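User: I am new to reading protein models, and I would like to go through one slowly, with each answer reasoned out before it is given. Could we begin with the chain as a whole and then turn to its parts?

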Amino acid sequence: MAKYKIKHITHYFYNSPVYESINQIMLYPIQDLHQTLHFQSIRITDSPSIEVFKDHYFNQLGIFNILKPHSELSIQSNIVVEVVPIEIPNLEISIVQQWEEIELLKKDFTLKDFLEVEEFKAKEEISNVVKSLIDKEKSVFENAFNVSKFIFENFTYKQGVTTIESDIDENWSLKAGVCQDFAHLLLEMLQIAELPSRYVSGYICPKNHDLRGEGATHAWVEVFLPTYGWIGIDPTNNCLVSDRHVRLAVGKDFHDCTPVKGIYKGSLEHRLEVTVVVENTDSHISTLYNDFFNDRVEKPSFVSINEIPEDVETNNSYWRNMQMQQQQQQ
């Protein structure tokens, strides 16, 4: 098992006071057999009350508002989470039965959202590539992982070449992008192959500094396997999602999983700063609680700080992409 202490701070600085700010946060880690949340605290400017709900996909989300004028908005989430290693599943049914089950899943209304393919110009070209990659003499998981491998080997990990508006056609043409782009593409390719798939947002945690995107928010895909359930594949790193990935939310696409988004009245000009601190830890829970209470992080394994300077061009692709990766202020 791996235990992580994660501090995620989102800070908006407004050029002039804004008001009636209404926000949604999806910063609550998923809790299941593979992931346990031991502690969480959320601190927000002016300490507003947070109404917590479950969404359509059973993600936990919070809603809060700050009605009075304010020049800054800070949202800080502190968590201690434990993640169990996941191994490549060995399904107890034959490969033929696996594909028969996949056919039956098309009639499962709970998976309908995860089988709908977008419309885009390169759909026929991408469909032909998917067709060449799928081999039904191999397991469903092997095929899904093979599609991920195609993206990993044929696309370049590069910041600043895509924006919040970038779609599948642009990503396919550029053959480059970041984790959201690769997750989006893998999602569509798996759905073209008629494999139920969903988008996942969370964190990727450092160990040997061998994974792209370590110590920051991250995105990947989960595919539904017959008799097993959901399992994650990270196309950015071409790996099985295991105890280095912390899950926050799942959904049909990025917009269902945005960590922070909201609306407000006032000037559109603002500066955004996001800090993510990840620490691998074996400390006792009470010690970790005191560390967070005292706002102390000792020897972080990784610190990721992203900031949008006040004089940056608002259409700059790198910063727009960073905003997409961390959250959207709409």
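**Reading the chain step by step**

Analyst: Of the 330 residues in the chain, 55% count as buried. Please keep in mind throughout that this is a predicted model.

User: How many helices and strands are in the chain?

Analyst: The elements are counted along the one chain, whose length is 330 residues. Both kinds of element are present, and the count comes to 7 helices and 15 strands.

User: Which strands stand at the edges of the open sheet of 5 strands?

Analyst: Strands of a sheet pair through backbone hydrogen bonds, either parallel or antiparallel. In this open sheet the pairing is antiparallel, and the order is S11-S10-S9-S8-S12. An edge strand has a single partner strand, so one side of it is left without a neighbour in the sheet, and this describes S11 and S12.

User: What is the bridge partner of Val221 in S10?

Analyst: Strand S9, residues 216–225, runs antiparallel to S10, and 5 bridges join the two. One end of this pairing can be seen where Leu225 has Gly229 as its bridge partner in S10. For Val221, the bridge partner in S10 is Ile233.

User: Which residue of S11 is the bridge partner of Ile233?

Analyst: S10 is also joined to strand S11, residues 239–240, by 2 bridges, and these strands run antiparallel. Ile233, which is the partner of Val221 in S9, has a bridge partner in S11 as well, namely Leu240.

User: Is S10 largely enclosed by the rest of the structure or largely open, and how many of its residues are buried?

Analyst: A residue counts as buried when its relative accessible area is under 20%. By that cut-off S10 is largely enclosed by the rest of the structure, because the number of its 6 residues that are buried is 5.

User: Which residue takes a positive phi near 50° in the hairpin of S10 and S11?

Analyst: The hairpin of S9 and S10 has 3 residues between the strands, and there Thr227 takes a positive phi near 65°. The hairpin of S10 and S11 has 4 residues between the strands. The residue in question lies in the loop between S10 and S11, and although its phi is positive, it is a residue other than glycine: the name is Asn238.

User: Is Asp46 buried, partly exposed or exposed?

Analyst: Asp46 is found in the loop between strand S2 (35–44) and strand S3 (51–54), and it has a positive phi of about 70° although it is not a glycine. Buried means under 20% relative accessible area and exposed means over 50%. Since the relative accessibility of Asp46 is 45%, the residue counts as partly exposed.

User: Which strand supplies the largest share of the lining of the second largest pocket?

Analyst: About 370 Å³ of space lies in this pocket, and its lining of 26 residues has Ile30, Gln31, Asp32, Arg198 and Arg247 nearest the centre. By class, the lining has 13 nonpolar, 8 polar and 5 charged residues. Strands S10 (229–234) and S12 (245–251) each supply at least two residues of the lining, and the largest share, 4 residues, comes from S12.

User: Is Arg247 buried or exposed?

Analyst: Arg247 lies in strand S12, and beyond its neighbours within four places in sequence it is in contact with residues including Pro29, Ile30, Asp32, Trp220 and Glu222. Its C-alpha atom is separated by 6.7 Å from that of Tyr203, which is 44 residues away along the chain. Because its relative accessibility is 10%, Arg247 counts as buried.

User: Which helix supplies the largest share of the largest nonpolar core?

Analyst: In soluble globular proteins, nonpolar side chains tend to be buried together. The largest nonpolar core here has 54 residues, of which Ile126, Met189 and Leu195 touch the most other members. The largest share of this core, 9 residues, comes from residues 179–192, which form helix H5.

User: How many residues are in the other core, which lies apart from it?

Analyst: Among the members of this other core are Ala2, Tyr14, Ile79 and Leu272. The core lies apart from the largest one, and its size is 28 residues.

Key. Residues numbered from 1 in each chain as written. Predicted model: local features only at pLDDT ≥ 70, side-chain atom pairs only at ≥ 80, totals over all residues. Heavy atoms only, no water. 1 Å grid on protein atoms, 1.4 Å probe; cavity = no way out; pocket = protein on both sides within 12 Å on 5 of 7 lines; lining within 4 Å. Points joined across faces, edges and corners; volume = space filled by probe spheres on them. Nonpolar A, V, L, I, M, F, W, Y, C, P; charged D, E, K, R; others polar. Core = buried A, V, L, I, M, F, W, Y, C linked by side-chain atoms within 4.5 Å. Buried < 20%, exposed > 50% of the residue type's maximum accessible area, 1.4 Å probe, protein only. Contact = heavy atoms within 4.5 Å. Pairing = 2+ DSSP bridges.
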